[in-house]
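Q: I have this protein open on my screen and would like a close look at how its pieces are held against one another. Please start with the charged contacts and work outward from there.

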Amino acid sequence: MTNAKQALVIVESPSKARTLQKVLGAEYHIAASIGHIRDLPPREMGVDTDHDFKVTYQIAPEKKKVISELKKAVKGAEVVYLATDPDREGEAISWHLTEALGITVPTYRLVFHEVTREAIEHAFEAPRDIDMCLVKAQETRRILDRLVGYEISPLLWRKIAPRLSAGRVQSVAIRLVVERERGRLRFKSNAWWDIVADFATRKGEHFSATLVALEGKRLVNGKDFDRTTGELKAVGNALLLDQEDAEHWTRTLCDRSWRVTALEEKPSRSNPWPPFTTSTLQQEAYRKLRFSAKRTMQVAQRLYEGGYITYMRTDSTSLSQEALAAARDLIMKKFGKEYLPAKARIFKTKVKNAQEAHEAIRPAGARFREPVELAGLEKDQQRLYELIYRRTLACQMTPALIRQTTAEITDDAAVFQATGKVVEFRGYLAAYRAGRDDGDNDDKTLPSLTEGETVTCAELEPKGHETKPPARYTEATLIKEMESLGIGRPSTYASIMDTIQRREYVVKQKGALVPTFIAVAVVRLMEQYFSDLVDYQFTARMEDVLDEISRGEREALPYLQQFYFGQNGGQGLQELLKHPIDAREVCTIHIGEGEDQQPVLVRVGRYGPYLEHGDERTNLDLETPPAELSLEQALELIRKGGEYPKELGLDPATELPVLLKKGRFGFYLQLGDNEHKQKQKSLLPGMQPEEVSLEVALAILGLPRDLGPHPETGEPVRADLGRYGPYLKCGDVNRRLPKGEDLLTIELERAVEILKQGGRGATVVLRTVGAHPETGVEIQVKEGRYGPYITDGKTNVSLKKNEDPEGVELTDAVERLAAKAAQGPSKGRRYTRRRKKS
């Protein structure tokens, strides 16, 4: 390792800096830039399209103190090492640091894919210059993203609704989700029937079998239906049973004699999956741990920066010789010789970029830590590490050996088929099973059978089946589809999943991504007026171009000019933006026609979707799945919507009407009509409009309730309904009302007990994140006047819009608090006393 005298090493994050400090020791000064220090300006394009797409960079105000500290550190250094992440973003951060800090001393780029002593020492032995091809590729991506976002997003605001956004990859991802919903809408469900038999051998061993043929004709099964339309394909003379047929044959076959007429055993091998790439890690973490893509990447980032795994943004499935040796050594020790292949298994990777061809994601170091060694880490980190550890070991283990058995049981007219599977040697399955829980049983055994053996039919049951429309995407399957199409890259998947949900283009329902009608309108506009930007092949080719730029095989400027200005008769983005857009047409979705022949429509307005039939209108729940809104449902919603606003009666105190109204965000109560509106309150969480009587409405509108003075302090105790639900307040102490407590009936004694939980002087605590790893101070997410925020008692950081308090992890909270603290105290408005004129 190089002489550490006055050497400065700059990384992105404080946690990575702490790990690096442990490895390098006190001789090195380690500083953190806390992410990007410069970027395009937030409120203007920042790209001059008339002058070769010249970019204007701006230092964020919150980074000025960080820059100042880094400049001081640079002044005292004889050499600077830039150890940012080993990808395009990391390369760009290093370049921006050199530009912003004005470094004059020798400066080197350090690249390591794991924060271990061996990897860091190797990086110091082979420092290099900043790779400007990688920097240019990153800058080109930012320019393309900015051109699409800043040119098309305002158009969406004007034509559809405010706060919408378009994105180079985001819009294509939304189209994929909408296309799947359209497929579900077109799908026609069809039914088929079969019969399931319970047979028993002479020894009394039972097994089940399914009817597959009758009177010499094969029975139609699920494979005979088109997966995309649900329609029956051409099946020749195959027999399609309906319910009546199945019940008839159940009665007919019940008392027949049965024997085993065919028996086939077939050995097979199951090979292990490759080690994790970014996308496969996100897919498996969702399936096994129910982690969102964003949560997976946050946890993986902390594991990497802590020195526990290799770099987590990669599309490579290769493993280093060091990793192969570590895995094989562990397999021998934990499982034995029979689980270790004669030589290491090498997985081919599709990575084109040699500069970015990292290893697969694996445990860091020449010796893999056992999962029990991470007992001191957060639970999420332990679970994700074990997933990576098991997958890495499994990929280097022997195949599983499986014996598959098929038996046919017949009489004169019918053929039943029974299948069984036995894992004779577990191989890699002893360590890992993809997409399944580790406790699942792989075996489906059949009893020992012989050809010609007679069996008894204990029971016959007719069984109906129905074709199912294509399943909606989950985060895992959407990422898999995007990867297969070449759309996006490892660094973008998690942010895309987060953005399309935060912008209300999709909503999650039982894990599935359901497009909103807003998404349908946006995709229709993009398909009609900017078709290339949501074309799968065009977007994939754009990713290839960025890869070519990163390898130095292509210049960025000609491509940017072609994209924006067009070429060889093709229209660029600039020309496409001039086309007139029929906003009403793209924002109108035809559902059908009522009995009066008037069309029933969904329209997407500035305040969300609504239903329209003639002169009747009613708001439509944002989370309504487009494929599940039938004409009958739409008409019923319009009929019910016509009931609101509904007058429940008069308020005895004011003699004003009490109205139950329906808005974009659900039902709410209002005292007085629109001209004499005095008060509005939402319904209580979980309350249905049918439950609201005048008495209940007056109680809700009467909030806050004064429960009486606190027995110790004398301050009034009140119960009220706020943005995050029912809560109690006494002086400066707020407490969220626990589930099961009734806001309208809670008494003073119980309220005092709840207020005591957590001590005095606190606001509503939404969640305790954990103890700060250095200070031990408890970090919490609290509800404040302007929304939820993270706090350690000294520094507060507001949560982002629509960010779930439950999703805030400890390390993420620590870093955000550190970044906020680095900005210094907020500057209050200065007031100067004017001098009186003499």
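A: Below is a walk through the salt bridges, then two helices, then the pairing of strands.

Please keep in mind that this is a predicted model, and that the values that follow are computed from it.

Let's begin with the charged side chains. The count of salt bridges comes to 49, and a few of them deserve a visit. One is formed by Arg-362 and Glu-359, whose side chains meet at 2.8 Å, N to O. Both Arg-362 and Glu-359 are buried.

Another salt bridge brings together Arg-403 and Glu-424, at 2.9 Å from N to O. This pair links distant parts of the chain: Arg-403 belongs to strand S13 (residues 400–410) and Glu-424 to strand S14 (residues 414–425), 21 residues apart. Arg-403 counts as partly exposed because its relative accessibility is 26%, which lies between the limits of 20% for buried and 50% for exposed.

The third pair to look at is Glu-585 with Arg-524, a salt bridge at 3.2 Å, N to O. Here too distant parts of the chain are linked, with Glu-585 in helix H18 (residues 583–586) and Arg-524 in helix H14 (residues 517–529), 61 residues apart. How buried or exposed are the partners, Glu-585 and Arg-524? Glu-585 has 32% relative accessibility and so counts as partly exposed, while Arg-524, at 18%, counts as buried. Salt bridges can also share partners: Glu-89, Arg-141, Asp-145, Arg-168 and Glu-543 are joined in this way into one network.

Arg-524 leads us into H14 itself. This helix has 13 residues and reaches 18 Å from its first C-alpha to its last, close to the 18 Å expected at 1.5 Å a residue. Of those 13 residues, 11 are buried, so H14 is largely enclosed by the rest of the structure. Among the buried ones are Phe-517, Ile-518, Val-522, Leu-525, Met-526 and Tyr-529, along with Arg-524.

Helix H11 (residues 379–394) invites a similar check. Its 16 residues should span 22 Å at 1.5 Å a residue, and because its end C-alpha atoms are 23 Å apart, the two values agree. The buried residues of H11 include Asp-380, Gln-381, Leu-384, Tyr-385, Ile-388 and Arg-391. As background, an α-helix has 3.6 residues a turn, so residues three or four places apart point the same way.

What lies against H11? The axis of helix H9 (residues 293–305) comes within 9 Å of that of H11, and the two cross at roughly 90 degrees. H9 and H11 are therefore roughly perpendicular to each other. On the H9 side the contact is made by Arg-295, Thr-296, Val-299, Ala-300, Arg-302 and Leu-303, and on the H11 side by Asp-380, Gln-381, Leu-384 and Tyr-385. Those four H11 residues are also among its buried ones.

Now for the strands. One open sheet has 4 strands in the order S2-S1-S7-S8, and their pairing is parallel. Its edges are strand S2 (29–32) and strand S8 (107–109), each of which pairs on one side only. On average, neighbouring strands in this sheet are turned by 25 degrees against each other, direction ignored. Strand S7 (residues 79–82) is joined to S8 by 3 bridges, and Tyr-81 has Tyr-108 of S8 as its bridge partner. Helix H1 (residues 14–24) packs on the sheet, touching strand S1 (7–11) and S2, and its direction makes about 170 degrees with that of S2.

A second open sheet follows the order S24-S25-S26-S27, this time with antiparallel pairing among its 4 strands. Strand S24 (646–650) and strand S27 (679–682) are at the edges, each pairing on one side only. The twist from one strand to the next averages 25 degrees. Inside this sheet, strand S25 (residues 657–663) pairs with strand S26 (residues 666–671) over 6 bridges, and Lys-662 finds its bridge partner in Phe-667 of S26.

The tour ends with two hairpins. Strand S28 (residues 705–709) and strand S29 (residues 716–722) run antiparallel and are joined by 4 bridges, with Asp-706 partnered by Arg-718 of S29. There are 6 residues between S28 and S29, and in that turn Gly-714 has a positive phi of about 80 degrees. S29 then continues through 2 residues into S30 as a hairpin. S29 and strand S30 (residues 725–730) pair in the antiparallel sense over 6 bridges, and Ala-719 stands opposite Leu-728 in S30.

Note on methods. Residues are numbered from 1 along each chain as its sequence is written. This is a predicted model: local features need pLDDT of at least 70, side-chain atom pairs count only at pLDDT 80 or more; totals for chains, interfaces and linings use all residues. Side-chain values use heavy atoms; hydrogens and water are left out. A salt bridge is a side-chain nitrogen of Lys or Arg within 4 Å of a carboxyl oxygen of Asp or Glu. Buried means under 20% relative accessible area, exposed over 50%, partly exposed in between (1.4 Å probe, protein chains only). The expected span of a helix is 1.5 Å times one less than its number of residues. Two strands pair if DSSP finds at least two bridges between them. Axes are lines fitted to C-alpha atoms, for helices over the stretch in contact, and angles run from 0 to 180 degrees between N-to-C directions. Contact means heavy atoms within 4.5 Å. Angles under 35 degrees count as roughly parallel, over 145 as roughly antiparallel, 65 to 115 as roughly perpendicular and the rest as oblique.
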